[in-house]
Amino acid sequence: MKNKNPLLVPELREMLTAGNAKALQDFCEAGHPAVVADLISALSEEEAWAVLRHADLPLRAEIFSHLEDDLMVEMIGTLRRDEIARLLTEMPHDERADLFKRLPEERRQAVMPALAQAEREDLRRLTAYREGTAGAAMTSDYATLSQQLTVSQAIERLREVAPDKETIYYAYVVDENRKLLGFVSLKDLIVARRESRIADIMHCDVIFARVEDDQEDVARKIQKYDLIALPVLNGNDALVGIVTHDDAIDIIIQEHTEDMEKFMAIAGSHEDAVYMKTTAWVHFKNRSPWVIALAILGLVSGFIVQSFEGLLPQFAILAAFMPMLADTGGNTGSQSATLVVRALALKEISPRDLFRILAKEFQVSILLALLLGIIAYGRVILFGGGSTVPEQYSLSTIGFAIAIALGLQVVTSTLIGALLPLAAARAKFDPAVVASPALTTIVDITGLLIYFMTARWVLGI
């Protein structure tokens, strides 16, 4: 385990050895639970639990919830069943469900009977939803009100349930079948007249998600509408949970990690904050398949160069511009792909917008091609005199050939960069998977073909 706080570890161990319960309790209560969790993560599982035992149960569960996932699972493995049950009972509902899903099956079966009936049913419901959906990301820890209540009665009810709820800023109005009718915010209750009815002040136009919705869509909805929480409904329009803004941040980080790794053709679970915990062998297995496949595909580039090998001895200057051609094609294609993948992820565009997108990228690529073609032509004219050029050809002709080839490469690379993720999205694949490494290899192959064929055509060989 990584030693995050080496200076504090001896002090904590000294307190444990001396059995200084008061000092350990003060340590647990001295800072934010997230800070305390970070400090004790430098200890072994047994030592970390020995420190946590000196905090009262609610604080202990809160600190425990802020520990890294693998440390929580390891620590659970050292505890008695009754200790685990008390800890799980005090944890937030969604975090409790996430931890429960990470436990080995035999550990789950052993712990479940020790939980109260309400906790058991809540865990079964929350762990039944497919990973990556709103149901798997939501918590059942929310406040509800009846529309018949007065404002003063509603405030009193929220005061009673507040200690056990993750958030009470939004209270959801439901009927006897838990069908969502509307919601009121804490601000609504504070500014309303005490005798007003909830039915008269509630917001009926509710933004919500379904349990089967993708978690990224849910997080984007929270971001778009600046919500503190988003209600989640089942197929019967009954309220079954909420996704809070802090969970939305976690989802966006997780999805960003997944997209970044897929963008660079890295396989695996795509979890965040696991780089140092993952062995070199696992990194190798995650990264090698695409690298090997694309390296084999890249052999095509070698065959293309071989097929035009008679051209290079006559025009050595062409070889000097091959790196520029490859780099420029890869850069312009990656820019186009990145913008399209991001727009697809944010639902700004869809595969139905194919022709509009290609038209826009074509306009951009023409401007880039003109600029880069002029730069390449100027480079040949100003600094190409030292290269070996057959007497019957002028530097101007060769510079024109290189500029035309580079311009065509920029246009085709830009269009390919936009087309690949759109085609992947249309085929129901993840656009990020094909957007970078595959793009680079394809652009290299097409670029070499364009380069040599254009040079041969312009030079009349």
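This section describes a three-stranded sheet and two surface patches in a predicted model.

The sheet is open and its three strands follow the order β4-β5-β6, with mixed pairing. The edge positions are taken by β4 (209-210) and β6 (239-244). Each of these has a single partner strand, so one side of each is left without a neighbour in the sheet. Strands of a sheet pair through backbone hydrogen bonds, in either a parallel or an antiparallel arrangement. Both arrangements occur here: β4 and β5 run parallel and are joined by two bridges, whereas β5 (residues 229-233) and β6 pair in the antiparallel sense over five bridges.

Individual bridge partners can be assigned at both junctions. Between β4 and β5, R210 has L233 as its bridge partner. On the other junction, A229 stands opposite T244 in β6, and V232 stands opposite G241 in β6. The strands β5 and β6 form a hairpin with five residues between them. Within the turn of this hairpin, D237 has a positive phi of about 65°.

Burial was examined for strand β5. Five of the five residues of β5 are buried, so this strand is largely enclosed by the rest of the structure. In a regular strand the side chains alternate between the two faces of the sheet. In β5, A229, P231 and L233 point one way, while L230 and V232 point the other way. Residues of both groups are buried; the cut-off for this class is under 20% relative accessible area.

Two patches were identified on the surface, one nonpolar and one charged. The nonpolar patch covers about 530 Å² and is made by Y377, I381, L382, F383 and F400. Helix α21 (residues 354-383) supplies the largest share of this patch, with four residues. One residue located in helix α21 is L382. The relative accessibility of L382 is 63%, and L382 therefore counts as exposed, the cut-off for that class being over 50%.

The charged patch is negative and gathers E29, D56, E90 and D164 on the surface. Of these residues, E29 is found in helix α2 (residues 21-30). E29 counts as partly exposed because its relative accessibility is 42%, a value that falls between the cut-offs for buried and exposed residues.

Terms used:
Residues are numbered from 1 along each chain as its sequence is written. This is a predicted model: local features need pLDDT of at least 70, side-chain atom pairs count only at pLDDT 80 or more; totals for chains, interfaces and linings use all residues. Side-chain values use heavy atoms; hydrogens and water are left out. Patches are made of residues with over 30% relative accessible area and no salt bridge: like charges are joined within 9 Å, nonpolar side chains (Val, Leu, Ile, Met, Phe, Trp, Tyr) within 5 Å. Accessible areas come from the Shrake-Rupley method with a 1.4 Å probe; for residues, only the protein chains shown count as cover. A salt bridge is a side-chain nitrogen of Lys or Arg within 4 Å of a carboxyl oxygen of Asp or Glu. Lys and Arg count as positive and Asp and Glu as negative; His and the chain ends are not counted. The place of a charge is taken as NZ of Lys, CZ of Arg, CG of Asp or CD of Glu. Buried means under 20% relative accessible area, exposed over 50%, partly exposed in between (1.4 Å probe, protein chains only). Two strands pair if DSSP finds at least two bridges between them.
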